[in-house]
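Here's a quick briefing to read with the model open beside you. Keep the viewer handy and click along as you go.

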Amino acid sequence: MTSGYGRGVSADPPQRAVEVRRSARRRRTVSAYREGERTVVLIPARMSEAEEKRWVGVMLDKLAAQESKRTLGDAELAERAERLSGQYFAGRARPRSVRWVTNQNTRWGSCTPAEASIRLSHRLQGMPEYVVDYVLLHELAHLLVPGHGPRFWELLEAYPKTERARGYLEGIVAAERLPRIPDPGEDSAEIPPEDSRER
């Protein structure tokens, strides 16, 4: 069965067709791979249409993250922040420093407006670019508006992937809270629906 799942905004590169294959032998895992110009997603036959749609989204994001594994250094991260500030905030957000840190395990990013410094959690490395861009924009917006009031969220409305990125990060957090149930009968290389965390 082939499904036409459209992903992203028109600024994205052309999307591959997505083919969903259901299998009675597959009980709990979902996996995906590229096959020429299309993406194949393998799911259990018993999965509902709503679950299928959700897991196709998860797997497309996971593949995108794996394909953009190149880690930005601090200098590249600062250049990216400058470009995003120019594109979405007319260059008004001007950080003095932008860097990765390894001591933020409960937050994706942080900003100290008085020092104009931005720090992103290393856990974002390897996630889709639009997610990293969202977190950068979130912290850049704090240079203009310190809190999370209406003015802050109005600034982020300019970024077309705000809701998608927030949903992605919420999914990561939710997956981390799910209990881990080992299943010795399943292939460990696949991603069980109960645990879709980025590793």
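What follows is a short tour of strands, helices, one buried acid and some aromatic pairs.

Keep in mind that this is a predicted model. Two spots are good places to begin: strand 4, which is largely enclosed by the rest of the structure, and the open sheet of three strands in the order 5-7-6. After those come Asp133, which counts as buried, and the aromatic pairs, where the count comes to three.

**Strand 4 and its partners**

- Strand 4 covers residues 38-44, and six of its seven residues are buried, so the rest of the structure largely encloses this strand.
- On the parallel side, strand 2 (residues 17-23) is joined to strand 4 by seven bridges. To find this pairing in the viewer, look for Ala17, whose bridge partner in strand 4 is Arg38.
- Strand 3 (residues 31-35) runs antiparallel to strand 4, and five bridges join them.
- Two residue pairs help you line up strand 3 with strand 4: Ser31 stands opposite Leu42, and Tyr33 has Val40 as its bridge partner.
- Strand 3 and strand 4 make a hairpin with two residues between the strands, and there Gly36 takes a positive phi near 65°.
- As background, strands of a sheet pair through backbone hydrogen bonds, and they can do so either parallel or antiparallel.

**The 5-7-6 sheet and the helices on it**

- This sheet is open, has three strands in the order 5-7-6, and its pairing is mixed.
- Strand 5 (97-101) and strand 6 (109-112) are the edge strands, each pairing on one side only.
- Direction ignored, neighbouring strands here are turned by 20° against each other on average.
- Strand 5 pairs with strand 7 (residues 117-121) in the parallel sense, over five bridges. Within that pairing, Arg99 has Arg119 of strand 7 as its bridge partner.
- Helix 2 (residues 74-89) packs on the sheet and touches strand 5 and strand 7, with its direction at about 130° to that of strand 5.
- Helix 3 packs on the sheet too, touching strand 5, strand 6 and strand 7, and its direction makes about 150° with that of strand 7.
- Glu76 has its place in helix 2, and with 32% relative accessibility this residue counts as partly exposed.
- Glu76 and Val98 are 22 residues apart in sequence, while their C-alpha atoms are 9.3 Å apart in space.

**Asp133, a buried acid**

- Where does Asp133 lie? Its home is helix 3, which spans residues 129-144.
- Asp133 has 9% relative accessibility; the cut-off for buried is under 20%, so Asp133 counts as buried.
- The side chain of Asp133 makes a polar contact of 2.5 Å with the side chain of Arg80.
- Which residues does Asp133 touch, leaving aside its neighbours within four places in sequence? They are Arg80, Arg83, Leu84 and Tyr159.

**Aromatic pairs**

- In general, a pair of aromatic rings is described by the distance of the centres and the angle of the planes.
- The model has three aromatic pairs by count.
- In one of them, the rings of Tyr88 and Tyr159 have centres 5.3 Å apart and planes at 90°, so this pair is edge-to-face.
- That pair links distant parts of the chain: Tyr88 sits in helix 2 and Tyr159 in the loop between helix 4 (150-156) and helix 5, 71 residues apart.
- Both Tyr88 and Tyr159 are buried.
- Phe152 and Trp153 also pair edge-to-face, because their planes stand at 85°, with ring centres 5.0 Å apart.
- Buried or partly exposed: which is Phe152, and which is Trp153? Phe152 has 0% relative accessibility and counts as buried, whereas Trp153, at 26%, counts as partly exposed.

**Helix 5**

- Helix 5 (residues 162-177) has 16 residues and reaches 23 Å from its first C-alpha to its last, close to the expected 22 Å.
- Which residues of helix 5 are buried? They are Thr162, Ala165, Tyr168, Leu169, Ile172 and Ala175.

Terms used: Residues are numbered from 1 along each chain as its sequence is written. This is a predicted model: local features need pLDDT of at least 70, side-chain atom pairs count only at pLDDT 80 or more; totals for chains, interfaces and linings use all residues. Side-chain values use heavy atoms; hydrogens and water are left out. Buried means under 20% relative accessible area, exposed over 50%, partly exposed in between (1.4 Å probe, protein chains only). Helices (H or I, at least four residues) and strands (E, at least two) are DSSP runs, numbered from the N terminus. Two strands pair if DSSP finds at least two bridges between them. A polar contact is a pair of N or O atoms within 3.5 Å; within protein, one must be able to donate a hydrogen and the other to accept it, and residues adjacent in sequence count only if both atoms are side-chain atoms. Contact means heavy atoms within 4.5 Å. The expected span of a helix is 1.5 Å times one less than its number of residues. Axes are lines fitted to C-alpha atoms, for helices over the stretch in contact, and angles run from 0 to 180 degrees between N-to-C directions. Rings of Phe, Tyr and Trp (its six-membered ring) pair if their centres lie within 6.5 Å; planes under 30 degrees apart count as stacked, over 60 as edge-to-face and the rest as tilted.
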